[in-house]
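Here's a walk through one model, taken a feature at a time. Keep the structure open and follow along.

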Amino acid sequence: DRTHQVKLYGNYAFSALNVGVGVDAGTGKPLTNLAANPNYQNSGEIPVTIRGGGITTVDNGFQTRAPMDFNVDAHVDYTVKLGAGKQRVMLIADAFNLFNRQSAMDYDYCSDAGFGTSNPNYGYALNACTGRSTSYHVPLAVRLGARLEW
């Protein structure tokens, strides 16, 4: 359930220089407190609240949705011709998560790790129910490259 999503990609070439940008944005996923099933101990089986009823997160208090996703990536390449033939070198740079956004993308929304066992990670920025890995945007990354064409 992502109520709104926007994906915009653009590119423009200035002779030997090519510039591009990509924007991905979307509303955060609804957060619903889920408890364990008493019959077979699985966490995340029984809703405690209505869908999107919210949970109390450790870093942002009570929230009904995870934070909005917003990411901007950029691309630049420049072509240098070599000699009179068709040989050329393309110098390339890509930047991912251009603004280095570091907000949480999801929360551990299961109040029980198993029936009768409370989840110590409930409300932390972890991937999904009883998650083990953190759920933050990947930090800014830059990729540089060169391509030889002949």
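Search the whole of this predicted model and you'll find five salt bridges. Side chains of opposite charge can pair when their charged atoms come close. One of the five joins aspartate 106 to lysine 29, with the closest N and O atoms 3.3 Å apart. Look at where the two partners sit: aspartate 106 is in the loop between strand 8 and strand 9, while lysine 29 is in the loop between strand 2 and strand 3 (34-35), so this pair ties together parts of the sequence that are 77 residues apart. Aspartate 106 has a relative accessible area of 9%, and since anything under 20% is called buried, this acid falls in that class.

Next, find aspartate 94. Its salt bridge goes to arginine 143, and here the closest N and O atoms are 2.9 Å apart. This time the partners come from strands: aspartate 94 belongs to strand 8 and arginine 143 to strand 11, so the pair ties together parts 49 residues apart in sequence. The two ends get different labels for cover. Aspartate 94, at 10% relative accessibility, counts as buried, whereas arginine 143, at 48%, counts as partly exposed.

There's a small network to pick out as well. Arg88, Arg147 and Glu149 are linked by salt bridges. Within that group, arginine 147 pairs with glutamate 149, the closest N and O atoms being 3.1 Å apart. Arginine 147 is partly exposed, at 40% relative accessibility.

Back to the loop between strand 8 and strand 9, where aspartate 106 sits. What else is going on there? Asparagine 97 lies in this loop, and it has a positive phi of about 55 degrees although it isn't a glycine. Asparagine 100 is found in the loop too, again with a positive phi, of about 50 degrees, and again without being a glycine. Their cover is another matter: asparagine 97 counts as buried at 6% relative accessibility, while asparagine 100 is partly exposed at 37%.

Leucine 98 is also in the loop between strand 8 and strand 9. With a relative accessible area of 35%, leucine 98 is partly exposed. Which residues join it on the surface? Leu98 is part of a nonpolar patch with Met68, Phe70, Phe99, Leu140, Val142 and Leu144, and together they have about 720 Å² of accessible area.

The same loop gives us one end of a disulfide, cysteine 110. A disulfide is a covalent bond between the sulfur atoms of two cysteines. The count for this model comes to one: cysteine 110 with cysteine 129, their sulfur atoms 1.6 Å apart. The pair links distant parts of the chain, with cysteine 110 in the loop between strand 8 (88-96) and strand 9 (112-114) and cysteine 129 in the loop between strand 10 (117-118) and strand 11 (141-149), 19 residues apart. Is the disulfide left-handed or right-handed? The torsion about the S-S bond is about -120 degrees, so it's left-handed. As for cover, cysteine 110 has 0% relative accessibility and counts as buried.

Now swing round to the start of the chain. Strand 1 (residues 5-14) is hardly covered: of its ten residues, the count of buried ones is zero. Strand 1 runs antiparallel to strand 2 (residues 17-26), and ten bridges join the two. To see one of these pairings, take alanine 13, whose bridge partner in strand 2 is asparagine 18. The hairpin that strand 1 and strand 2 make has two residues between the strands, and in it serine 15 takes a positive phi near 55 degrees.

Finish with the rings. A pair of aromatic rings is described by the distance of the centres and the angle of the planes. The structure holds one aromatic pair. Tyrosine 12 and phenylalanine 14 have their ring centres 4.6 Å apart and their planes at 65 degrees, so the pair is edge-to-face. How covered are the two residues? Tyrosine 12, with a relative accessible area of 52%, is exposed, and phenylalanine 14, with 48%, is partly exposed.

Terms used
Residues are numbered from 1 along each chain as its sequence is written. This is a predicted model: local features need pLDDT of at least 70, side-chain atom pairs count only at pLDDT 80 or more; totals for chains, interfaces and linings use all residues. Side-chain values use heavy atoms; hydrogens and water are left out. A disulfide is a pair of cysteine sulfur atoms within 2.5 Å. Helices (H or I, at least four residues) and strands (E, at least two) are DSSP runs, numbered from the N terminus. Buried means under 20% relative accessible area, exposed over 50%, partly exposed in between (1.4 Å probe, protein chains only). Patches are made of residues with over 30% relative accessible area and no salt bridge: like charges are joined within 9 Å, nonpolar side chains (Val, Leu, Ile, Met, Phe, Trp, Tyr) within 5 Å. Accessible areas come from the Shrake-Rupley method with a 1.4 Å probe; for residues, only the protein chains shown count as cover. A salt bridge is a side-chain nitrogen of Lys or Arg within 4 Å of a carboxyl oxygen of Asp or Glu. Rings of Phe, Tyr and Trp (its six-membered ring) pair if their centres lie within 6.5 Å; planes under 30 degrees apart count as stacked, over 60 as edge-to-face and the rest as tilted. Two strands pair if DSSP finds at least two bridges between them.
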